[in-house]
Amino acid sequence: MTKRSKDSLINAGLFLLMLVLSILGGIGQTSYFNYIAYVPLFFLLRRLEPVEALIYGFMYGLLLGAELQFWLSHFEKLDPFLMAMFSYAIVLAIVFATGSYLMRRYDKNTFIQIFAAGWILYLMQVVVHYLWFAKAFIKISNMQSFFDWVLPYLGTGIVEMLFVSFGCAVGLTIYVYIKKQSLAPVYPYLVFFAIMLGIGMYQDVVGLQPKNNSDTVKVAVIQGNFSWDWGQRVEYSQQILDYYLDITNEVAQQGAQIVVWPEYAVAADIIDENKNLNDQIVEASKKLDVVIVLGSLDRTNDKVIDTKWIGYDVSLVYDPVKGRLKPYRAVYPYSSNVLRGTEPMIFETKFGNFPVLSCFEIAHHKFVNDYFHQGKQIDFVIAIANNQVFQGTNGYYRLESHARRIAGEINRYLLYVTNTGPTTILNHQGQTAARVPNDQQGYLLYDVEKKSGNSVYSQLQEILPFLLTGGVFLYVFKKAKK
């Protein structure tokens with residue numbers, strides 16, 4: 001075997017190992033593979049010229065995006081999936097090529113060897129944060145991790161950077177050991193990551209301990225688990241409504257103040273076409289003295305076209321004193337037959353203030369954080385979804401992971417309520433406080449802590465982490481010599 005063939009075989013092996021580990025780490029069941037997925041990346045980038053790295057990065061992004069985002073193709077058409085897949089490919093091609101160049105250009109600098117690829121990935125995340133559509137949100141490791149404690153300060157982009165850099169730090173340590181060089185330059189960085197992981201582990205231990213906080217609201221979230229068949233759900237709208245009203249009555253007797261139903265809990269236009277259904281909910285809210293939150297639709301066409309209605313996804317909130325509040329029409333709907341709303345809203349009710357995120361808005365981190373720039377108090381956040389179409393795919397895990405990360409970023413409890421699951425109450429650190437098993441009917445009754453003040457990340461978003469990391473890297477590049 002020639003040296004060139006041997007080198008190609010080694011490169012392919014490192015590439016495949018990294019791909020397998022990062023896919024396993026990205027699907028949610030084995031997220032700790034993320035911590036070692038990028039050890040092979042360190043060795044690969046050291047071996048590749050920048051042009052070769054560009055090609056490897058494109059292929060890695062294409063394959064990783066295909067695996068992690070294939071669930072997007074299960075809803076309507078391939079456009080969102082293809083958009084996500086090629087966005088991954090382009091972003092990671094740039095990361096690999098630039099990382100390879102920097103590691104060659106500054107091959108004596110330990111800091112750049114460890115952080116180059118991770119920092120370039122973070123810069124690409126900043127671009128995605130401000131310019132890209134939510135369906136193609138580039139998250140290579142958006143599962144819960146020990147690094148998530150930084151979310152309210154620096155956001156998810158830094159967590160991605162830490163995953164990649166941790167792998168490169170381990171890779172560099174192995175490389176230095178094999179070469180029988182001094183490990184002294186690597187020690188400070190290993191201590192840094194040990195501290196980061198240690199704080200994360202501490203947060204995991206204490207995060208769900210009960211708090212003696214009197215400023216809470218008792219919330220019930222209901223998972224109906226009704227058929228995906230749209231025709232049946234329309235035909236049995238009254239029976240489905242009766243189920244939710246019965247459970248609402250049950251939890252109200254147990255002290256619930258806010259009751260949340262999922263998106264399309266009522267698969268009919270109750271604003272204009274089925275006002276009798278609306279009236280039943282208004283009556284229940286007043287009689288039981290509860291705030292009721294649910295998803296419905298607002299049709300704009302007078303007939304069904306190709307079995308699809310045309311209109312808006314709407315989130316409706318019923319206050320026992322004010323009645324039905326102004327409907328929220330989803331700003332970022334998923335389906336092409338759903339029109340896009342224009343006005344984000346914070347609902348101000350008898351028992352608390354909150355926005356209601358609809359479906360895929362949970363994947364658009366900037367949109368959620370922008371709510372905290374409206375000058376209104378937000379006690380917690382509600383997200384409703386109807387994502388059973390993704391059953392059997394990793395879409396369940398990807399979307400719930402966005403919910404976890406957002407809860408940490410905004411430092412708020414987040415109630416993620418879906419028709420078939422996952423229906424989850426997440427605390428302000430993004431940890432699961434309570435959960436209804438998938439594909440079952442059930443509900444949760446929980447004392448949700450109201451939070452005040454805005455997290456650092458909610459206020460500044462990418463400005464602070466960009467200035468911090470950019471300043472550090474500019475200083476290092478200025479001082480570093482080949």
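## Briefing: a sheet, a helix across it, a surface patch and a buried threonine

Helix 13 (residues 395-410) lies across four strands: strand 11 (381-385), strand 12, strand 13 and strand 14. Helix 13 runs at about 160° to strand 12. This is a predicted model. The points below cover the sheet, then the patch, then one residue in helix 10.

**The sheet**

- The sheet is open and has five strands, in the order 10-11-12-13-14.
- Its pairing is mixed.
- In general, strands of a sheet pair through backbone hydrogen bonds, in a parallel or an antiparallel way.
- Strand 10 (356-358) and strand 14 (432-436) are the edge strands, and each pairs on one side only.
- From one strand to the next, the twist averages 15°.

**Strand 12 with strand 13**

- Strand 12 (residues 414-418) and strand 13 (residues 423-426) run antiparallel.
- Three bridges join strand 12 to strand 13.
- Leu 414 has Leu 426 in strand 13 as its bridge partner.

**Strand 13 with strand 14**

- Four bridges link strand 13 and strand 14, again in the antiparallel sense.
- Ile 425 has Ala 434 in strand 14 as its bridge partner.
- Strand 13 and strand 14 form a hairpin, with five residues between them.
- Gly 430 sits in the turn of this hairpin and has a positive phi of about 80°.

**The nonpolar surface patch**

- A nonpolar patch of about 850 Å² lies on the surface.
- Its residues are Val 127, Tyr 130, Leu 131, Tyr 153, Val 456, Leu 460, Ile 463, Phe 466 and Leu 467.
- Helix 5 (110-131), helix 14 (456-460) and helix 15 (463-479) each give two or more residues to the patch.
- Leu 460 is one of the patch residues, and it is found in helix 14.
- Why can Leu 460 be called partly exposed? Its relative accessible area is 38%, which falls between the 20% limit for buried and the 50% limit for exposed.

**A buried residue in helix 10**

- Thr 248 is found in helix 10 (residues 237-253).
- Is Thr 248 buried or exposed? Thr 248 is buried, because its relative accessible area is 0%, and buried means under 20%.
- Which residues does Thr 248 touch, not counting those up to four places away in sequence? Thr 248 touches Ile 222, Val 259, Trp 261, Leu 288, Val 290 and Ile 292.

Methods
Residues are numbered from 1 along each chain as its sequence is written. This is a predicted model: local features need pLDDT of at least 70, side-chain atom pairs count only at pLDDT 80 or more; totals for chains, interfaces and linings use all residues. Side-chain values use heavy atoms; hydrogens and water are left out. Patches are made of residues with over 30% relative accessible area and no salt bridge: like charges are joined within 9 Å, nonpolar side chains (Val, Leu, Ile, Met, Phe, Trp, Tyr) within 5 Å. Accessible areas come from the Shrake-Rupley method with a 1.4 Å probe; for residues, only the protein chains shown count as cover. A salt bridge is a side-chain nitrogen of Lys or Arg within 4 Å of a carboxyl oxygen of Asp or Glu. Buried means under 20% relative accessible area, exposed over 50%, partly exposed in between (1.4 Å probe, protein chains only). Two strands pair if DSSP finds at least two bridges between them. Axes are lines fitted to C-alpha atoms, for helices over the stretch in contact, and angles run from 0 to 180 degrees between N-to-C directions. Contact means heavy atoms within 4.5 Å.
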